[in-house]
Amino acid sequence: MKSKTIPLGLTAMILTGFSALLYQTLWIRAFAILLGGNALSISCVIAHFMLGLGLGTAFAPKILQGRWKKSLPLYAICEVLIAVLAAVSFFIVLSHNGWVLDLLRSGFLPKIAMHFLVTGIFIFPVTFLMGFSFPLISYLFPNSREHQWLYSANCLGGALGAFLSFTVLIYYGGLYAALIVGLLGNILAAVLLKNEKFRFEEAAAEESVSNDEKGATSQFGLRLALLLSAFSGFFLLSMEQVWFRLSSFFLGSRLYVPSLVLMVILLCLAVSAWWSPKFSLYSEKKQLKVIVSALTVSVLSSWLGLYCMSLSIAKTMDLVSPSKKALHPEFFLTLLFIALVPSIALGICFPLSMSLIQKEAIGAWQKTRALSKALYLNTLMSVLGSMLTTYVLFRTLGTVSTLKVFIFGLLLFLAVAVFTFASRQAKAVGLVLVILGTAMTAKMNVSLSPNPPSIWEAEDEYGYLALIDLQPPGRRWAMINNYISLVGAYGDSETPFVQRNLALFPSLIARSVKDVLVVGMGYGLTTEAFSRLSEPESITAVEILPQVVAAQKEMKFKDTVYLQDPRIKNIVDDGRSYMFLANRQWDLISVNVDPYGAGSTVLFSVEFYQEVRKKLKPGGSYSQLFYGISEDVAVMVRTAKSVFPYVTVMPGYENDGFILLAANEEIPTWESLPQSRFERVKNLLPSATWGTATLQSAVDLNTAETLAGEASQAMDLNYPDSENITDSNLRIEKSRMFFGDFFLHYPHSYF
C-alpha cells in the first residue's frame, strides 16, 4: 500500500467517526421527539447503535472472503450507502412519522418491545453498515500498528462529532443542518478512498508479514487478549454510564452533558490508541505488564475520584439561595480522577489486546478477521455493560456502590493478571495492594445527600433526587434533581398561587372540566388545585422522572391528602409522548415544565401545539407556564399564537413569567362568564397575582389580563425578529450558549 494512502485513510476514519457520533446524537434527539426523552428511548438508541456496529463488524470479513469478477471500491460504496440510509431514516422520523405513531398507538407489543422495534427499523441498518467501515479500511493497510492509528483517528472523529453535535451544529443549524454535515462526512470519506478497490479471485489475498510483526501470541496470551477485549468494552461502557451520571449531578441533565462527557472519553481513547503502537512493539509479556500498569493507575485514580466526590457533594447546594449555581475545584478533581485519568489508562488496553490478537494472523485478510473479532467482542460486551449498569446496578445499588463495584472489578482483574504472569516478588506486592485497595474502597463512606442531610432521597436511572429543608429551616423546602436541576423552592411567596392559577384560569374559561391532563408534577400543586374542583371525573398527571412521583407522598411539609383522591392517576412517562400516543381527548391540558430543562424545548414547539389542538375537546382550554429570559418568553408566546387561533396571557411569576391560555374556540371575556364558572372554582379563590394583588372577581381577572398583555406586547416589540420554536431549532436552548453558562443549569441572565 502506498504511503500516501495512510493520511487519506486516517482522514476517512476521522470523518466516519465524526458522522457516526453525530448520527447517534441526532437519533437520540429525534426519538426523544417521537418516543419521548426518557431513559427507555435513549437506551434503545444506544443499544441499536452498538449492536449494529458489533454485528456489522463481525459480518465484514465474510464480504472480504467473497469472489469478485471485477474490482469494487467497497469502502466508498459502504460510506455512500450509510449516507443514503441515514438520510432516509431521519427524513421519515423527523418529517413523515405519522405511520410510526400509528404503529406505536397500536400497542401490539409491550412498550419496551415496541420502542426497541421502532428504533431498530431506523437505526440498525445504518449502524450495521457502519460496522463494515473499520474492517474494510483495515484491509488496505499492511500491519497492526496502522490499525491502531486508524482506531485512534476514528475515536478522534467521534470526539469531534460528540462535541460539535449539540454545542454548535444542532444549536445553531437545527437538526436538518446537522444531518447534512453528517452526510457530507460520509460522502467525503467515500471520495477520499474511491480509488481503493477490492479484487478477490480466490479467498482473500495473503500479504507478506512485516518484520516487526513476526512471531505469534501464545495461546494463553491470545485467550487473555480476547478476554481483555471483551472486558474493556464491558467496563468502559459501564463506567461511561457512571461518568454520565456524575456529570449530570454537577452539570445538570442537559442533553449536551453526555455529549461533552463522550467527547472527553473518546479524546482520551484517541490519545491512548495513538501511542499504543509504541507498546505493541514490546514482547507479549511486556505488553501484558503495560496493561497491568494501566489497570493499577485506573484503580488508584478511581479511588481518589471517589474521595473527591464526597468533597464536591458537600459544596453543591447553597441552602440560603439554592438557585445560585457555582462550580468548585473539587468538582473538576472528581472528573479528573474518575473520568479523565481512567479513560487514558484504560484506553491503552483495547489497542494492545487487538495487537496481541492480530499477532497470530498472517496476511491482510487474517489480520482484518482478527481485528473484527476484537471489535465485535468489545462492542457487544459494551452493550451488555451499559444496559446492566443503567437498569440494574443504578436501581439496586445506587451510584456510589455501583462505582465501588467497578473498582472491585478492576482490582479482581488486576489480581488475576498479576498472579498469572508476574514474578514472585511482584505477586506478593500485588496481593497486598489488592487487599488494601479492596478494604479502603469498601470502608469509604460517600453519601450523595448534601449537607444537611435530605428529608428524603432516592435514585433511579435518571439520577439522584432529594427533598431538602432550606434556610431558614422549617419555612422553605426544595426538590433537587441531580443537584443542579432545581424545582423552585416550596414556601417562596409566589410558588403556591402561580401553580394554583395554572388550574384556576383554564377552569374558568373551559365549558367542561371533566377530563384533565397535567404535564409536569414538581410539588404537585397544580394537580392538587384541580383536585379541589368537584366537577373533574379524571385527573391524569404525567411526570417523566419516576422519583418525582415517588416523592409526592414524602412531602410532609405540605398537604398530601389529595393523593388519596380516586380521580387522580399519576403516570411516569414523557408528557409529549404520552399525549401523542393517547387515543383520547381532554377538556383541560396544563403544562408546567422548566423551559431550560433537558429536552423541554419539545413542549414549547409549533409541532407540540399542533398536537395539543387535536387533543382538546370542543370548548376545552390549554394552560402553560412561561418564564425565563425576556427574549425566550416573547418567543414562547409568539410560537403559541402562531398555532392556536385564540390566545391570551395572564400573570405568572412577577419578574419573568406568564401563564398562557389558549383554545380552539373564542375565549370569553372574564365579565361574560356565567356565575356558575366562578362557583366551579370557588375552592381556588381568592388567589393572587403580580405584586400579590388579590384575584377574587371578574374585574380583578380583567385587570390582571390587561397588565400581562401589556408586558407581553412590550417583550414582543423588543425582539421582533426571533424565530418561532420548532422541534428542530432548539430555539430556547440557544440562550444557554454563553461560555460561563455552559456548565450551569440556568442562563446567565435568568436570575
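**View 1. P686 sits in the loop between α21 (675-680) and β12 (687-688).** The peptide bond leading into this proline, from L685 to P686, is cis, with omega near 0°. Helices (H or I, at least four residues) and strands (E, at least two) are DSSP runs, numbered from the N terminus. Before you go on, please note that this is a predicted model, in which local features need pLDDT of at least 70 and side-chain atom pairs count only at pLDDT 80 or more, while totals for chains, interfaces and linings use all residues. Residues are numbered from 1 along each chain as its sequence is written, and side-chain values use heavy atoms, with hydrogens and water left out.

**View 2. T692 has a positive phi of about 55° although it is not a glycine.** Look for T692 in the loop between β12 and β13 (694-695). With a relative accessible area of 56%, T692 is exposed (buried means under 20% relative accessible area, exposed over 50%, partly exposed in between, with a 1.4 Å probe and protein chains only).

**View 3. A second cis peptide bond to show you runs from Q471 to P472, with omega near -5°.** P472 belongs to the loop between β2 (463-469) and β3 (477-481). The strands on either side of this loop, β2 and β3, pair in the antiparallel sense over 5 bridges; two strands pair if DSSP finds at least two bridges between them. Within this pairing, L465 stands opposite N481 in β3.

**View 4. Strand β3 is mostly covered, with 5 of its 5 residues buried.** W477, M479 and N481 point one way from the strand, and A478 and I480 the other way. β3 also pairs with strand β4 (residues 485-490), in the antiparallel sense over 4 bridges, and here M479 stands opposite V487. β3 and β4 form a hairpin with 3 residues between them, and N482 in the turn has a positive phi of about 60°.

**View 5. An open sheet of 7 strands has the order β7-β6-β5-β8-β9-β11-β10, with mixed pairing.** Its edge strands are β7 (568-572) and β10 (646-651), each pairing on one side only. Strands of a sheet pair through backbone hydrogen bonds, either parallel or antiparallel. In this sheet, β5 (residues 515-519) and β8 (residues 586-591) run parallel and are joined by 4 bridges; the bridge partner of L517 in β8 is I589.

**View 6. Helix α6 (residues 144-192) packs with helix α11 (residues 349-359) at an angle of about 150°, their axes 10 Å apart.** Axes are lines fitted to C-alpha atoms, for helices over the stretch in contact, and angles run from 0 to 180 degrees between N-to-C directions. The two helices, α6 and α11, are therefore roughly antiparallel to each other (angles under 35 degrees count as roughly parallel, over 145 as roughly antiparallel, 65 to 115 as roughly perpendicular and the rest as oblique). S144, H147, Q148 and Y151 of α6 meet F350, P351, M354, S355 and Q358 of α11, where contact means heavy atoms within 4.5 Å.

**View 7. S382 is found in helix α12 (residues 364-396).** This serine, S382, is buried, with a relative accessible area of 1%. Not counting residues up to four places away in sequence, S382 touches M50, G233, F234 and L237. The side chain of S382 also reaches the backbone oxygen of T379 at 2.3 Å.

Conventions. A polar contact is a pair of N or O atoms within 3.5 Å; within protein, one must be able to donate a hydrogen and the other to accept it, and residues adjacent in sequence count only if both atoms are side-chain atoms.
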